[in-house]
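Trainee: I've just opened this one and I'm new to it. Could you walk me through it, one question at a time?

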Amino acid sequence: MCNLYALTKGQQALRELAAALALGPVSDRLGNLPVLEGIYPDGEAPIIGLARGERPGPTLSLARWGMPSPAFALEGKSVDRGITNIRNTASPHWRRWLGPSYRCLVPFTAFAEHVKTAAGFQPLWFAPQGDDPLACFAGIATRWTGVRKKAEGEVTLTLFGFLTCDPNADVAPHHPKAMPVILTEPNEMHAWLTADWAEAKALQRPLADGALRLL
């Protein structure tokens with residue numbers, strides 16, 4: 001599972017990506033976004049959602065990585081550390097968040113899969129082809145109230161996670177279980193934010209072979 005990624009493009013690049021979706025004026029709620037060379041589970045990171053109502057359009061905001069866990073995973077626990085990757089979208093736990101109002105884009109420049117080496121498990125980084133790539137994971141997000149850390153106590157947060165699928169030929173030799181669902185074209189990103197699930201679910205597929213490079 002992908003539990004580490006990076007976003008090294010500046011904030012203006014995210015605004016331009018959101019504007020290219022042609023979904024209305026872009027609202028930027030990120031504040032002063034730093035370079036994020038390593039984003040880990042429960043870390044805060046940018047997402048792009050689609051605001052509705054009086055001022056519809058793409059919204060850039062911060063959320064914490066890790067969707068609410070299923071009830072069975074929380075039995076006997078007082079803390080919900082969250083689920084970062086979503087594979088089984090037929091599960092009742094995930095179906096509630098598959099509509100357009102919960103879908104989001106998770107911008108990234110590279111992601112890591114941990115592979116076994118002689119020195120133990122080490123991150124192996126992948127990035128989209130190109131000199132200065134910026135792509136998005138197909139994500140979902142929701143507001144949640146609960147305890148993520150005992151020291152923090154009960155909090156109300158926006159949480160996100162992203163979908164996974166079978167690996168393509170670039171990832172499979174190193175990590176045969178799964179890879180993130182990656183969207184690289186504005187029309188794909190537009191569909192992920194707006195289409196009915198019957199159409200959007202077709203985007204839960206591996207990226208084309210050869211579309212990723214090892215860093």
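Mentor: Sure, and a definition comes before anything else: two strands pair if DSSP finds at least two bridges between them. Keep in mind as well that this is a predicted model.

Trainee: Then let's use that definition. How many bridges join strand 10 to strand 13, and which residue stands opposite Cys136?

Mentor: Strand 13 covers residues 182-183 and runs antiparallel to strand 10, with two bridges joining them. Pairing takes at least two bridges, so this count is enough. As for Cys136, the residue opposite in strand 13 is Leu183.

Trainee: What about strand 7: how many bridges does strand 10 make with it, and in which sense?

Mentor: Look at Arg103 there: it stands opposite Ile140 in strand 10. Strand 7 and strand 10 pair in the antiparallel sense, and the number of bridges is six.

Trainee: And how many bridges are there between strand 10 and strand 11?

Mentor: One place to look is Thr145, which stands opposite Thr156 in strand 11. Strand 11 takes in residues 154-165. The sense is antiparallel, and the bridges number nine.

Trainee: Which residue in the turn between strand 10 and strand 11 has a positive phi?

Mentor: Those two strands form a hairpin, with six residues between them. In that turn, a phi of about 75° belongs to Gly153.

Trainee: Is strand 10 largely enclosed or largely open, and how many of its residues are buried?

Mentor: A residue counts as buried when its relative accessible area is under 20%. Strand 10 is largely enclosed by the rest of the structure, because the buried share of its 13 residues is 10.

Trainee: Let's move to the pockets. Which strand gives the largest share of the lining of the largest pocket?

Mentor: The largest pocket has a volume of about 350 Å³. Of its 18 lining residues, the closest to the centre are Ile47, Gly49, Ser101, Ala141 and Thr158. Strands 4, 5, 7 and 10 each give two or more residues to that lining. The largest share, five residues, comes from strand 4.

Trainee: How does that lining divide into nonpolar, polar and charged residues?

Mentor: Glycine goes with the polar group in this scheme. The lining then divides into eight nonpolar, six polar and four charged.

Trainee: Now the aromatics. Is the pair of Tyr5 and Trp65 stacked or edge-to-face?

Mentor: The structure holds 12 aromatic pairs. In this one the ring centres are 5.1 Å apart and the planes stand at 75°. Planes over 60 degrees apart get the second label, so Tyr5 and Trp65 are edge-to-face.

Trainee: How many residues apart are Tyr5 and Trp65 along the chain?

Mentor: Tyr5 is in strand 1 and Trp65 is in strand 5, so to speak distant parts of the chain. Tyr5 is buried at 0% relative accessibility, and Trp65 is buried at 0% too. The distance along the chain is 60 residues.

Trainee: Is the pair of Trp65 and Phe162 stacked or edge-to-face?

Mentor: Their ring centres lie 5.4 Å apart, with the planes at 25°. This pair also links distant parts of the chain, since Phe162 sits in strand 11, 97 residues from Trp65. Planes under 30 degrees apart set the label, so Trp65 and Phe162 are stacked.

Trainee: Which ring does the charged end of Arg148 sit over?

Mentor: There is a similar case to look at: Arg103 lies over the face of Trp192, 5.3 Å from the ring centre. For Arg148 the distance to the ring centre is 5.2 Å, and the ring belongs to Trp144.

Trainee: Last one: is Asp42 buried or exposed?

Mentor: Asp42 lies in the loop between strand 3 and strand 4. It has a positive phi of about 75° although it is not a glycine. Its relative accessible area is 15%, and the cut-off is under 20%, so Asp42 is buried.

Conventions
Residues numbered from 1 in each chain as written. Predicted model: local features only at pLDDT ≥ 70, side-chain atom pairs only at ≥ 80, totals over all residues. Heavy atoms only, no water. 1 Å grid on protein atoms, 1.4 Å probe; cavity = no way out; pocket = protein on both sides within 12 Å on 5 of 7 lines; lining within 4 Å. Points joined across faces, edges and corners; volume = space filled by probe spheres on them. Helix = DSSP H or I, 4+ residues; strand = E, 2+ residues; numbered from the N terminus. Buried < 20%, exposed > 50% of the residue type's maximum accessible area, 1.4 Å probe, protein only. Phe/Tyr/Trp six-rings, centres within 6.5 Å; stacked < 30°, edge-to-face > 60°. Lys NZ or Arg CZ within 6 Å of the ring centre and 35° of its normal.
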